[in-house]
Each structure stands twice: as C-alpha cells, then as structure tokens.
Amino acid sequence: MMNRIENTKTYLGKELETIFFRPMLQGENAVDLGVRVLYNMPAPVTLHFWRRPDDVLHKYTAAGWKGSKAPERMRKNIELQRVKAEMGYSADEYFSLVYDSMTRAAIGSMEDLSGTVLEEAETALFREAIAESIRATMWLGKSDRESGLNTFDGFLHRIKSDIASQGIVAETYDTIDAATAETCLRTVWDNAPIVLKNLRSEGQLAFFVTTDVYNAYEESLETPSLEAAYLAKQTGHETLTYRGIPLVDLKITEHLVNHVDLGTSFILLTDRRNLALALSAGEFPGTEVRMWYNPDLMENRQRAVFMAGCDYLLPELISLAYTE
C-alpha cells in the first residue's frame, strides 16, 4: 500500500495552458462570472475598441463621394504582473488530500491507479487553490497593499481609483440591508450612463454584488404578504434579477473581512464584456507549474510561476455603489 507520492510533474509552454490554466478557469470562477479571460497574449495585453460615427446617412444629392468620419479607435493596456504560488504538504497529508480527491471522483481502488489518474488528482488540487486566489484578486487585488491579494490590482481598486479622473458614476452608502437593497439597485440603474442602459437588450448586463447585498435583496423580496413571497421563503430563489438583469454573488465575503480598505459592500453594474482577466504562461522565462517530492523533508511541494492582470475597459460602461 503506497503512503507517499514521489513522481515529479512539470507543465511548460502550450501544455501549461491547455492542461493547467484553461481547465482551472471553469465552473464557479471567472468564466461563470462573465469575465473575459485572455490567455497567452503578448505583454502588455492591448485591447482595441472601435466607436462608429453616430450618423452615417447623408441626403442623396448627386453622384460622388461624401465619406463619413472614420470610426474612432481606442486602446487600453492590461499590465501583467509576474506571480508565484507555492504550497508544501507533509507526505502523509498530501497523500490523504490527493486520495480524497480521487475518492470524490469515484475512483475506488488504489490498486488500479495509473500515473495519469494520480497526476490529474494532484493537478486538480493545485488548480483549485490557484483559481480561488486569482478569482479573489481580480476583484479585490491592490498591489500596494502590504500583504494579502496584492499581486496585481483588481477591478474594484482600478474602478474606484478612476472615479474622479474618468468620470465614473459612483454612489456611497453607510450600509446596504434588506430595507435599502432595492433602493440601492435602483440608484445604480438610474445613475447608469445611457450607453450602458442601451446594452440591456443584448443580455450581457449584470449586477456584480457582494454576498450581503445579494442576501439583503433576496430577503426584501420575501417581505410582501403574497403567496409567491411565501413560496420563495420555502424554496429560495435559483437566480435573482432586478429589472431583468441578473445579480451575480461574487462570494468574496471571507476576503473582504480581511481587506476593508476597499469597503465592505458594493454593487457594480456593467456589461460582462467590459471586464477582462489576462493570464500568460508561455512568453516569459521561468514560467512553469511543477510538483515534486522533497525526500530530505519528506514533503510534497507545488509551485506555479506565471503572469496575471486584469482591468475594466470602458468607464462609460460602469455604474457603482459601495459602502466605505
């Protein structure tokens, strides 16, 4: 009966992207949250936007050329930061964690394990830890913070830093609870730039909210003395919407508690295509994912080195409310 895992696993280049990073951002993560995920783009990642003229029609008076103003091109760079993740486990602890992962995947017999199955379980264990850190950092990251979620600047810090310079619509509240949640959502919608409101028919708008806001709004829907509200109390809501726009619970409360420099609650209304996360694993020296056994310390170690960064794209597609 084996009691430790000693085989070294290393992912480099294209394998690093296809085996490690792409599967990592599936499920309850960046993809489900509606964030654009860009892989292995040249650094810095440059995004291009085109604005067509408002009116391209002219009265027809005679043959000839009367061209309209050319579309306006805008560019924005997403700066990538080099990041590293390292984890170490005692051999017994690591074996138990990997075995538990395989058991949950309905693999019942340790005698029949192949190297591939074992590698998949180890990789999944490391991927889950990194995916959660990326997810939390892309919302709450702040690079000048002394510790915790400080590898790159997240969406909230970037947006709040640009409120004055970019004219971003933002409202502050003392608290957001069941009595005020709907009012706050209404304010965010009412304050939204017309260009953002006009995108509602495309089905890409979302209210990205902290869990307390999500729960408060759900509670407010259950207060009326109606049969529908009564049933909702019994069964809950599969999804919450306001004016047909879904609320997305970011599930970052445990991180917000430790990083109150960005406030304790927020509501962000934007187009899902307006938020971008960039990861690069193939362009820089030393980029790799490696898992190995250290016999001197009887310890299993995991290391990942890659580039990451995120940013919002257009300030006119932002409407924000937050508590200080």
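Are F207 and Y242 buried or exposed? In this predicted model, both F207 and Y242 are buried, and the close-up views described below place these two residues, along with other ring contacts, in their structural setting.

**View 1. An open sheet of 6 strands with mixed pairing.** The strands follow one another in the order β6-β14-β10-β7-β9-β8. The edges are formed by β6 (169-173) and β8 (241-242), each of which pairs on one side only. Helix α6, spanning residues 181-191, packs on this sheet and touches β6, β7, β8, β9, β10 (266-271) and β14 (318-323), while the direction of helix α6 makes about 160° with that of β6. Helix α8 (residues 211-221) also packs on the sheet, where its contacts are with β7, β8, β9 and β10, and the direction of helix α8 makes about 130° with that of β9.

**View 2. The parallel pairing of strands β7 and β9.** Strand β7, made up of residues 205-209, and strand β9, made up of residues 245-249, run in the parallel sense and are joined over 3 bridges. Within this pairing, F207 stands opposite L247 in β9.

**View 3. The aromatic pair of W139 and F155.** Across the whole structure, a search finds 4 aromatic pairs. In the one shown here, the ring centres of W139 and F155 lie 5.1 Å apart with the planes at 70°, and because planes over 60 degrees apart count as edge-to-face, the pair is assigned to that class. The contact links distant parts of the chain, since W139 belongs to helix α3 (residues 115-140) and F155 to helix α4 (residues 155-161), with their positions 16 residues apart. W139 counts as buried at 0% relative accessibility, and F155 is likewise buried, with a relative accessible area of 0%. Ring pairs further link W139, F155 and F208 into a cluster.

**View 4. The aromatic pair of F207 and Y242.** These two rings are arranged edge-to-face, at 6.1 Å centre to centre and with 70° between the planes. F207 lies in strand β7 and Y242 in strand β8, 35 residues apart, so that the pair links distant parts of the chain.

**View 5. Lysine side chains over aromatic rings, K76 with Y312 and K197 with W189.** The charged end of K76 sits over the ring of Y312, at 3.6 Å from the ring centre. In the second example, K197 lies over the face of W189, at a distance of 5.4 Å from the centre of the ring.

Definitions and conventions:
Residues numbered from 1 in each chain as written. Predicted model: local features only at pLDDT ≥ 70, side-chain atom pairs only at ≥ 80, totals over all residues. Heavy atoms only, no water. Pairing = 2+ DSSP bridges. Helix = DSSP H or I, 4+ residues; strand = E, 2+ residues; numbered from the N terminus. Contact = heavy atoms within 4.5 Å. Axes fitted to C-alpha atoms, helices over the stretch in contact; angles between N-to-C directions. Phe/Tyr/Trp six-rings, centres within 6.5 Å; stacked < 30°, edge-to-face > 60°. Buried < 20%, exposed > 50% of the residue type's maximum accessible area, 1.4 Å probe, protein only. Lys NZ or Arg CZ within 6 Å of the ring centre and 35° of its normal.
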